[in-house]
Amino acid sequence: MPTIRSNNVVFNLITRRPVFILISVSLSLSKLSFTTSPIKNMSFVEKVRLLDYWKIQDSALQTEFPRSHLVLMVDRRLLVTKDAPEVSMVEHSYGELKQLLGEYGLQFDLSNSCLLDALPADNDMIPLFGTSIEAADPPEDSPISKKDVLKQLGNSLGGRFTDIRMAMLTMREERQRNLLAKFQSLTKWAATYRRCPKCAAALKMRSSKSGAECVTCQRVYYPTFSPVSITLITDPTNEHALLVRHRGSAGGVFTAVAGFAHTGESMAECARREIAEEVGIEVDSIRSLDMSQPWPMPDSSLMVAHVAVANMDQKISVCPDELETAQWFSRHQVRQAMETTLADPFLKKLPLTLDDRQTLHYIPPAGAIAHQMIRKWVDGKIDCHNSRM
Ligand SMILES: [Zn+2]
């Protein structure tokens with residue numbers, strides 16, 4: 001196979017496709033001994049370098065597009081598995097999706113698609129795209145509604161359409177949630193980021209949607225997201241947790257305190273300030289939980305988890321613009337809410353009376369980082385005594 005090396009990527013001269021060497025000849029035996037699975041590690045390196053190449057090489061991505069697999073949003077609703085115990089995205093090959101959507105008069109191309117991942121296929125890698133299309137409304141005198149058409153379309157595609165928030169909250173697999181966060185975030189960014197903030201000229205968007213270059217001053221811009229701290233507050237005995245109910249959120253659902261980082265703040269400083277702002281108390285110590293989650297709504301953010309310790313004798317005063325209430329709960333009370341949530345993952349039995357809405361019945365569903373933090377604490381896997389300020 002004739003090859004040429006360029007910028008750490010080896011190209012096949014006939015196909016012009018990049019070829020990646022599994023183990024570099026310069027890799028010493030001593031380096032290999034540091035890992036128990038060098039092949040696995042190298043294939044990850046191979047994958048991220050291929051993704052990096054596809055991100056910036058529009059012509060290469062255009063060539064790959066007909067070989068790709070795709071996940072789909074129609075009218076900002078995601079195609080997910082139907083009647084399966086575990087909700088996940090439905091994936092189609094390019095040809096299959098082209099044909100099935102074509103039967104409904106719907107089309108897609110690279111302009112409404114973004115690069116999500118690289119998938120193994122027959123000793124090769126193919127791109128995984130997310131494609132987002134808008135369906136036209138049926139004529140006013142149509143006997144069939146758009147909702148019915150989309151239901152039928154979902155059936156034809158082997159799934160059903162659901163809103164993005166519900167998909168994020170109920171998909172159990174972290175990889176799927178993170179791919180969806182990327183899909184929604186890149187789609188929204190590409191649709192809104194159209195002009196150069198410096199010189200106001202048009203931006204040329206990459207086919208991957210991983211960046212955009214100003215046609216005049218050549219500045220390159222990358223998808224934006226905001227860091228958010230999310231903090232579980234416990235008392236010094238680690239037997240009680242302070243949970244909050246957001247204004248306008250579903251009745252009976254309590255969660256951890258969260259808020260956007262300000263410019264010039266560390267994540268711990270952000271967590272401490274947000275707790276003071278939202279519930280009016282000071283924490284004695286705070287530490288990172290080494291957990292994070294990309295979250296795409298309403299805009300793209302990265303939630304970073306913390307645990308903080310505060311004395312229960314402090315007076316709670318909630319920020320009324322954001323919260324309805326904040327209360328201390330025992331581990332037993334939180335465990336009951338966690339079990340109710342796991343038994344009713346789509347929160348279909350939410351309480352309706354005003355009093356019930358202000359009482360702890362649920363925590364966020366399993367897909368949310370808040371759920372995972374609270375669950376860890378309920379199971380005694382968070383030791384607040386290692387915290388420090
Ligand atoms: Zn510019």
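Select C199. At 33% relative accessibility, C199 counts as partly exposed. The cut-offs explain the label: buried means under 20%, exposed means over 50%, and partly exposed lies in between. Keep in mind that this is a predicted model.

Now select C196. Is C196 buried or exposed? C196 is buried, because its relative accessible area is 3%, and buried means under 20%. How many disulfides does a search of the whole structure find? The search finds 0.

**A200 and the small sheet**

Select A200. It sits in the loop between helix 7 (174-192) and strand 10. A200 is partly exposed, with a relative accessible area of 46%. Check its backbone too. Phi of A200 is near 70 degrees, a positive value in a residue other than glycine. Why look twice at that? Most residues other than glycine have a negative phi.

Next, select strand 10 (203-205) and strand 12 (220-221). Add strand 11, residues 212-214. These belong to an open sheet of 3 strands, in the order 10-11-12, with antiparallel pairing. Strand 10 and strand 12 stand at the edges, and each has a single partner strand, so one side of each is left without a neighbour in the sheet. Zoom in on strand 11 and strand 12. They run antiparallel and are joined by 2 bridges. Find A212, whose bridge partner in strand 12 is Y221.

**Strand 17 and its two partners**

Select residues 301-309, which form strand 17. How many of its 9 residues are buried? The count is 8, so strand 17 is mostly covered.

Now add strand 13, residues 226-234. Strand 13 and strand 17 pair in the parallel sense, over 9 bridges. Add strand 16, residues 285-295. Strand 16 and strand 17 pair in the antiparallel sense, over 8 bridges.

Pick A308 in strand 17. A308 is the bridge partner of I233. A308 is also the bridge partner of I286.

Follow the chain from strand 16 to strand 17. A hairpin joins them through 5 residues. P298 is found in this loop. Select M297 together with P298: a cis peptide bond joins them, with omega about -5 degrees. Most peptide bonds are trans.

**Helix 5, one side at a time**

Select helix 5, residues 146-156. Which of its residues are buried? They are L150, L153 and G154. Look down the helix axis. The three cover an arc of only 100 degrees, which puts them on the same side of helix 5. There is a general rule behind such patterns. An α-helix has 3.6 residues a turn, so residues three or four places apart point the same way.

What do the buried residues of helix 5 pack against? Show strand 4 (69-74), strand 5 (77-81), helix 4 (94-102) and strand 9 (159-163). Then step just past the end of helix 5 to G158, which takes a positive phi of about 80 degrees.

Visit the loop between strand 4 and strand 5, where D75 lies. D75 has a positive phi of about 50 degrees although it is not a glycine.

**T162 and L78**

Select T162, which is found in strand 9. T162 is buried, with a relative accessible area of 8%. Which residues does T162 contact, leaving aside its neighbours within four places in sequence? They are R77, L78, V80 and A167.

Move to L78. Not counting residues up to four places away in sequence, L78 touches L72, M73, M89, R160, F161, T162, A167, L180 and F183.

**The nonpolar cores**

Where does L78 fit in the wider picture? The largest nonpolar core has 52 residues. L78, L180, F183, I230, L232, V334 and M373 touch the most other members. Select helix 11, residues 369-378, which gives this core its largest share, 6 residues. Then colour domain 2 (65-187) and domain 4 (234-386). The core draws at least three residues from each of them.

Finish with a second, separate core of 29 residues. Select some of its members, including L61, A135, L153 and L157. You have met L153 before, among the buried residues of helix 5.

Technical notes:
Residues numbered from 1 in each chain as written. Predicted model: local features only at pLDDT ≥ 70, side-chain atom pairs only at ≥ 80, totals over all residues. Heavy atoms only, no water. Pairing = 2+ DSSP bridges. Helix = DSSP H or I, 4+ residues; strand = E, 2+ residues; numbered from the N terminus. Buried < 20%, exposed > 50% of the residue type's maximum accessible area, 1.4 Å probe, protein only. Arc of directions from axis to C-beta. Contact = heavy atoms within 4.5 Å. Core = buried A, V, L, I, M, F, W, Y, C linked by side-chain atoms within 4.5 Å. Domains from an automatic or database assignment. Disulfide = S-S within 2.5 Å.
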